[in-house]
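Here are my notes on the model you sent round. Have a look at it first, then read on.

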Amino acid sequence: MMAPKPARALTELPAWRELEQHARDMKDVTLRELFDEDPFRVRDFSFDELGLYADFAKNRVTRDTMRMLLDLAEQAGLSERIEAMFAGDKINVSEDRAVLHVALRADRNATIDVDGHNVVPDVHEVLDRMAAFADKVRSGEWTGHTGKRIRNVINIGIGGSDLGPRMAYQALLPFSDRDLRVEFVSNIDGAEFVEATRGLDPAETIFIVCSKSWHTLETLTNAGAARDWVLAAFNGDTAAVARHFVAVSTNADGVREFGIDTDNMFGFWDWVGGRYSFDSAVGLSLMVAVGPDNFTEMLAGFRAVDEHVRKTKLDRNIPVLMGLLSVWYNNFLGAQTQAVLPYSHYLAHLPAYFQQLEMESNGKHVTLAGDQVDYQTGQIIWGQPGTNGQHAFYQLIHQGTKLIPCDFIGVAKPLSDLEHQHDLLIANVFAQTEALAFGRSEKELRDAGSPEAQIPHRVCKGNQPTTTLMLDQLSPRSLGTLIALYEHKVLTEGVIWGIDSFDQWGVELGKILAGTIADEVTADGAPSLKHDESTSELIRRYRKSRGR
Ligand code: F6P
């Protein structure tokens, strides 16, 4: 099912045309000039709400730029599209599905209909069951097959069934039960499973197998390895599976077939995309780790942003502004990538999480109507926690030849007693954004007495745009807030680009080919290979190295 063509192509919209001209005018304008010209820049380009301070002032935009981007949002129908999502319309056109991750955090009394059915009670029924299960594991009431208390929780899943809980568990470590060890296994490489289970007692270990489809090779293979590991410890007694495995899936038949009792299954729905799912039952391992109350707090953080995006005028709408800035750099100033730089050890997995969120959502080449786009879509997201990244790749951002907009994410209140280290950490956020924006000129270097021959090498031109998001504190609530901001940022971009941000057909091709090649790699005798010569030779060589 495809959407009808819009009345006007994106690149023909008046705001798009205006932005193209404006980008030419802005090409050589520096952040230093922008700050010098506008004394109210910081006041008007920053927001203090939702438990965070969002500073957009160090972006290469003027008030005119923002006005044009907001016009573009209006002409592209952004507000209508946001409403359509919240109303349960099937905005995932290629799969003919509603897109309702916002229902996962809706208030218990809310009503959100999909095909005439209010899904909110279903969501809360699962949340309540998750809470009961999490409480049982945390209190020791849920025991293993031999009656031992559960000490280890292993989440098996990949992509959206891994990155969210993995990222959030690390983020909320200070809120977690430290007597429980929580591990994540995603890779088809058996090494990850072996390392995660090394030294663990199967009698004290529970596996949470997460797969929306229950078709994913990596997850089902690792779940099989886990089942073998458990059964080996209990002399093949399959009754142990019920005490050591629970499933999170939309596919009850698949779960049953695998041997997991569907009483131990936590469902979700086809209107939740994998990369938008960790506040569904996919977050079960997180809930076990941090407890139901903290999970509920996290949902409240998501919900606050949902209300914000829906009710706040676009010119004060933080995730919308984040998305529009991305469009500005991506489509008008020629940036290809965006760095996400969390200054928090706890937020170490954020770049990987946002990578899937953005790149799987907006890595698309056709419009909703199926027409080839003639403009850039999803950008490359990358990054690492500061300050580590500073000693690795920041050199290229400071003095390389590429435009790289960066999001700096900091936390005002430290979570450890090492307050001085926290001061130093945050000082680095401020120093980096200042250096990236304003650089160091020849004159400044000369005045500071730099040797003449070194001056060209030492000049930092600056003008690298940054956004700083400073959370008041890191908590379940602020984590929910942060993630929801990026979810709606990605939606904003996708609406402007007129693409389906909620399918992921591209990933399917690799999955299909991997299945065929897995058979060829393991086949007895020489299989007839019908690939290109490069691929066939790789297969032959690998088979040879394995004595096949
Ligand atoms: O990578 C493709 C993908 O379909 C992701 O969108 C998804 O999050 C992941 O695989 C895992 O899928 P599942 O939860 O169905 O196992």
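The points below cover the ligand and the pockets.

1. Bear in mind that this is a predicted model. The ligand in it sits in the largest pocket, so labelled by a grid search over the protein atoms alone.

2. Who is around the ligand? The shell has 14 residues, and those that come nearest are Ser 161, Ser 211, Ser 213, Thr 216 and Glu 360. By class, this shell is two nonpolar, nine polar and three charged residues. Helices α15 (350-362) and α21 (505-522) each put at least two residues into it.

3. Now the polar contacts. Side-chain N or O atoms of Ser 211 and Ser 213 each lie 2.6 Å from an oxygen atom of the ligand. For Lys 212 the partner is a backbone N or O atom, 2.7 Å from a ligand oxygen. The protein covers 89% of the 390 Å² of accessible area that the ligand has on its own.

4. As for the largest pocket itself, it holds about 960 Å³ of space. Its lining has 38 residues, with Ser 213, Thr 216, Gln 504, Glu 508 and Lys 511 nearest the centre. Two or more lining residues come from each of α9 (217-233), α15 and α21, and α21 gives the most, seven. The lining splits into 12 nonpolar, 17 polar and nine charged residues.

5. Don't skip the second largest pocket, at about 660 Å³. Pro 6, Arg 8, Leu 368, Val 495 and Gly 498 are the closest to its centre among 32 lining residues. Helix α20 (residues 476-497) supplies the largest share, five residues. Here the classes run to 18 nonpolar, eight polar and six charged.

How values were computed: Residues numbered from 1 in each chain as written. Predicted model: local features only at pLDDT ≥ 70, side-chain atom pairs only at ≥ 80, totals over all residues. Heavy atoms only, no water. Near = heavy atom within 4 Å. Polar contact = N/O pair within 3.5 Å; in protein donor to acceptor, adjacent residues only side chain to side chain. Areas by Shrake-Rupley, 256 points an atom, 1.4 Å probe, with all protein chains shown as cover. 1 Å grid on protein atoms, 1.4 Å probe; cavity = no way out; pocket = protein on both sides within 12 Å on 5 of 7 lines; lining within 4 Å. Sits in = over half its atoms within 2 Å of the grid points. Helix = DSSP H or I, 4+ residues; strand = E, 2+ residues; numbered from the N terminus. Nonpolar A, V, L, I, M, F, W, Y, C, P; charged D, E, K, R; others polar. Points joined across faces, edges and corners; volume = space filled by probe spheres on them.
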